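Colleague: I'm new to this one and would like a close look at a single part. Could you pick a spot where two pieces of the chain pack together and walk me through it?

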Amino acid sequence: MHSINTQKQKTKVIKPINNNGSISIQFQLNGKTYKFNPVKGGQFDDPIALGKAKTIAEQITRDIQLDEFDLTLTKYKPKLHLTVVEKPIDEIKTVVELWLKYFEFKRSGIKAKTVEKYENFASLFYKLGDLSPLCALEIKKKLEQITTLDRTRDALMYLSACCKWAVKHKLIAHNPYEGMYQELPKPNYAQNPAPNAFTKEEKELIIERFRTDERSGLNYRCYTDFVEFLFLVGCRPSEAVGLTWDDINEDCSLVHFNKAIIQVRSRITHSEKSKNNKIRTIAVSKRTTDLLLKIKPEVITPKQLIFHSPIGLDKAINYQNFSRRAWGSIVDPIKPETTPYCCRDTFITSQLVNGVPSSVIAKWCDTSTAMIDKYYADKLKLSQLRPMDD
């Protein structure tokens, strides 16, 4: 601290003054004028700020009297409150290292199928070696060399989300992947995600072919009720696979969807709620009620599966086997290049044709009105309208 010897005389009391609304302290000492704002941003009509300024003025008066006045005014000026900016953690050297941190953070809140996807990305990112996560252009180039364009686009999208999280938690300084995936062409299914619905005649023929299948060995008649249910309700196949009898009311007029059964790396996995983390109860058609009543056991175990594997009442349908073998064998001769998901497309399309509002269908099927209007209603109208002749 710099001090100055003052004459042993009575010092004039220093007080804050009003400087066009702000607070200022001004005084003379040994022929020199001192002036500064003791409270940063403080206004003279603010009693709290003015009180702080008075305390500082009294301290200056006292320091002058005690010959301890600080000529630099540092002692009396507002202290700067510096924000400490944490340096990004240097330990994160590679893409996969950052991805695994992100994965661990997200793991408890994601579904089993998403966990599988994150694990697959980890395997892909291991192949990037020691590339830093900030070397976005090099990583994009390497991904294009080791995997498909569609998977590269997907990987860059997830890396962008990962880095956004990492910036928030101060693991890296910035997100170099923001918007990068959007610069790549969309995959074919995203460019033209047209629903692939069956006609009414095709639908009934498929159900009949399952019902009358007579192939030698293990035939596929056991899947008839499952396939018909998919056509009649429009739920996701995984939701139908997971249905148990406690999800159906007594007269089989209501179905409660609150879970699903999926396959992760060939393992049967139970998933809570729907794909969109929702639970819904829907009223079903008379045909659906009749179907459920027909197959309803006389003695019901609440957790007993409604649609089960041919190898056991307590075994869930192996959806991958069903899609590849049963569906392919029965349906491909009728209409090739379809999947059981086309039953959902068929349900939505038929309900639109029958005049059911898209908002109602969206609630039945756990999707959005915008999705139905964009991918079903618009294409349906376009296929049915015809230009007028002059």
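**Where H3 meets H5**

Modeller: Sure, let's go straight to the contact: on the H3 side you'll find Lys117, Tyr118, Asn120, Phe121, Leu124 and Phe125, and they meet Arg151, Asp154, Ala155, Tyr158 and Leu159 from H5. Sort the residues of this contact by character and you get seven nonpolar, one polar and three charged. Keep in mind that you're looking at a predicted model.

Now for how the two helices sit. H3 covers residues 112-126 and H5 covers residues 149-168. They pack at an angle of about 105 degrees, and their axes are 11 Å apart. Angles of 65 to 115 degrees count as roughly perpendicular, so that's the word for H3 against H5.

To place this in the whole chain: there are 14 helices and seven strands. Of the 390 residues in the chain, 42% are buried. If you take contacts between residues at least 6 apart in sequence, 61% of them join residues at least 24 apart. As for the outside, the chain has an accessible surface of about 23400 Å², and carbon and sulfur atoms account for 52% of that.

One more stop, if you want a residue elsewhere to try: Ser359, in helix H13 (residues 358-365). Ser359 counts as partly exposed because its relative accessibility is 37%. Look for Asp373 too: it comes 14 residues away from Ser359 along the chain, with 9.3 Å between their C-alpha atoms.

Definitions and conventions. Residues are numbered from 1 along each chain as its sequence is written. This is a predicted model: local features need pLDDT of at least 70, side-chain atom pairs count only at pLDDT 80 or more; totals for chains, interfaces and linings use all residues. Side-chain values use heavy atoms; hydrogens and water are left out. Axes are lines fitted to C-alpha atoms, for helices over the stretch in contact, and angles run from 0 to 180 degrees between N-to-C directions. Helices (H or I, at least four residues) and strands (E, at least two) are DSSP runs, numbered from the N terminus. Angles under 35 degrees count as roughly parallel, over 145 as roughly antiparallel, 65 to 115 as roughly perpendicular and the rest as oblique. Contact means heavy atoms within 4.5 Å. Ala, Val, Leu, Ile, Met, Phe, Trp, Tyr, Cys and Pro count as nonpolar, Asp, Glu, Lys and Arg as charged, and the others, Gly among them, as polar. Buried means under 20% relative accessible area, exposed over 50%, partly exposed in between (1.4 Å probe, protein chains only). Accessible areas come from the Shrake-Rupley method with a 1.4 Å probe; for residues, only the protein chains shown count as cover.
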